[in-house]
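Student: I'd like a close look at one part of this model. Please go slowly and keep the pieces connected.

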Amino acid sequence: MARGAFAAIAHGVPPGTAGQRGAAWLLAETALGAVPESAAELARWREGFAAGLARIEARLQDPGFPPRGSLAAIAAAPFFLAYHGEDDRPLLSRLGDLLARAASRLRPELAAAGQRPPAGRRAAIVSSFLRDCTVGHYFASWIPALRAAGFELCLVQLGPRHDAFTERLGAAAGRLRIVAEGPDALADWLAAERFDLILYPELGMDGRVLAVAALRLAPLQLCAWGHPITSGLPTIDAFLSVGAMEPEQGEAHYRERLLRLPGLGTAYPAPPPPEALDRASLGLPARRPLLFYPHAPFKIHPEDDALLAALAAARPSLAVVLFEGERPSFRARLERRLARAFAAAGADPARQLLWLPLMPRRRFLAVARACDLMLDCLRWSGGNTTLDALSVGLPVLTRPGRFMRGRQSAAMLAMIGADGLVAGSREDLLAQAVRLLDEAELRAAWRARLEAGAPALYGRGEAGPALAAALEGMLADASGPA
């Protein structure tokens, strides 16, 4: 997220956490870059990832590899793979199989800890992001919903990072466990607790959590769309997603059983009011049209470059507002790529690309409000970013992608009757963007509609009971005949 909700992530392992050195052999084979210089480089990265999986699979033919040891040896996640916008189920299923096999050899005493019928409704929600960030805010509403349905909850935060928001979530759950020692301590504790159900709000962002999830530690194990792509793990039974955001054949994109939740899948809290700042105070040009393009650099696919450049060439006064990202190298690589695309299209990258630093959320919202239009990425749509933009009345123009991760904005717009901002093709997206930038009255009309309709997105209550019912049904099925 442009406002820095996530920590910088290298190969899926948050900097400063245990497991980076221990996972060296896995990282060496499956490492992915973050921001490609071109589509060709992206294709080479994917070929290298597949080749690395093949080498690991060959090593695992030796029953003594890896020898018994720490889960830190496999504490890595292919975080950046999801942003390529491809069907990654085959690759992630291969990775999931080798992680499960390696985990069972590293910790054989835990391999079958959860192979038993559930005895009740004792549930753990496990993550390293149960704090003041996107994941924490997205899934906070699940806690009271599950408690109201009679679940005995424990929030489990894999440290070392946690904050006052973590404590508030833990108080709402009734129990909080912070595990700072690493993935082995987490796995040991979960196995000893004998939970009936473990729910991972996201898998694939923190390699330490992914390594733990590769073990069967509870009869029922699920993950959700905090990282909206299949985990690939054979140990995860179901994937919780948002029905309105899934394509018709969405089941084919997941190794897990797909469970579709209503509404936004959560009762997302309304964003705070933006800071009361004008363009000059925000460092924005006063009289030029501003295109809000707040996506993290690694979310912007090379396919997006030509569209953005064509729009800049069509309207030479346009300034594209971007954010630098967590690492200077991310901006540098993207800026070089965009500069080439802009120059090729006849646009002026030096004048038309406006880079802003990461900033607190209320200032980020003020920048969104000061812009004229937000344009979605083609393969990874805004989620939290779109909810923020809509809350300040900013029109968001999108085109639905092939996968859930490219369809979130379209679903949000449909929920509030703003389907007119959903384009059917790349050409339609460009034409609509030009028209919206040209016609102030049309933009004003959309702002009025969004300001009236967007509040319906926030605090929706239908997903919590649906989640509880789905979990109750799966527990009943796993328990077998009474």
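Student: Which strands does helix α17 (residues 463-479) lie across?

Tutor: Quick housekeeping: residues count from 1 along each chain as its sequence is written, and side-chain values use heavy atoms, without hydrogens or water. The model is predicted, so local features need pLDDT of at least 70 and side-chain atom pairs 80 or more, while totals for chains, interfaces and linings use all residues.

Now your helix. Helix α17 lies across β4 (197-200), β5 (220-224), β6 (238-242) and β7. Against β7, α17 runs at about 150 degrees (angles go from 0 to 180 degrees between N-to-C directions, with axes fitted to C-alpha atoms, for helices over the stretch in contact). The element names are DSSP runs numbered from the N terminus: H or I of at least four residues for helices, E of at least two for strands.

Those four strands belong to an open sheet of seven, ordered β3-β2-β1-β4-β5-β6-β7 with parallel pairing (a pair needs at least two DSSP bridges). At the edges sit β3 (176-179) and β7 (257-261), each with a partner on one side only. From one strand to the next, the twist averages 25 degrees.

Let's move along the sheet order to β1 and β2. Strand β1 (residues 122-127) pairs with β2 (residues 152-158) over six bridges, in the parallel sense. One spot to click on is Ile125, whose bridge partner in β2 is Leu155. Helix α6 (residues 164-173) packs on the sheet here, touching β2 and β3 (contact is heavy atoms within 4.5 Å), and its direction makes about 160 degrees with that of β2.

Going on to the edge, β2 and β3 run parallel and are joined by four bridges, with Val156 standing opposite Arg177 in β3. Follow the chain from β2 through α6 to β3 and you've traced a right-handed β-α-β crossover (clockwise from first strand over helix to second, strands pointing away from you).

Finally, go back to β1 for Ser127, which has its place in that strand. Ser127 is buried, at a relative accessible area of 0% (the cut-off is under 20%, using a 1.4 Å probe on protein chains only; over 50% is exposed, in between partly exposed). Leaving aside residues up to four places away in sequence, Ser127 touches Val135, Val156, Gln157, Leu158, Pro201, Glu202 and Val209. So you meet Val156 again here, the residue opposite Arg177. A polar atom of the Ser127 side chain also lies 2.8 Å from the backbone nitrogen of Phe129.

Technical notes. Polar contact = N/O pair within 3.5 Å; in protein donor to acceptor, adjacent residues only side chain to side chain.
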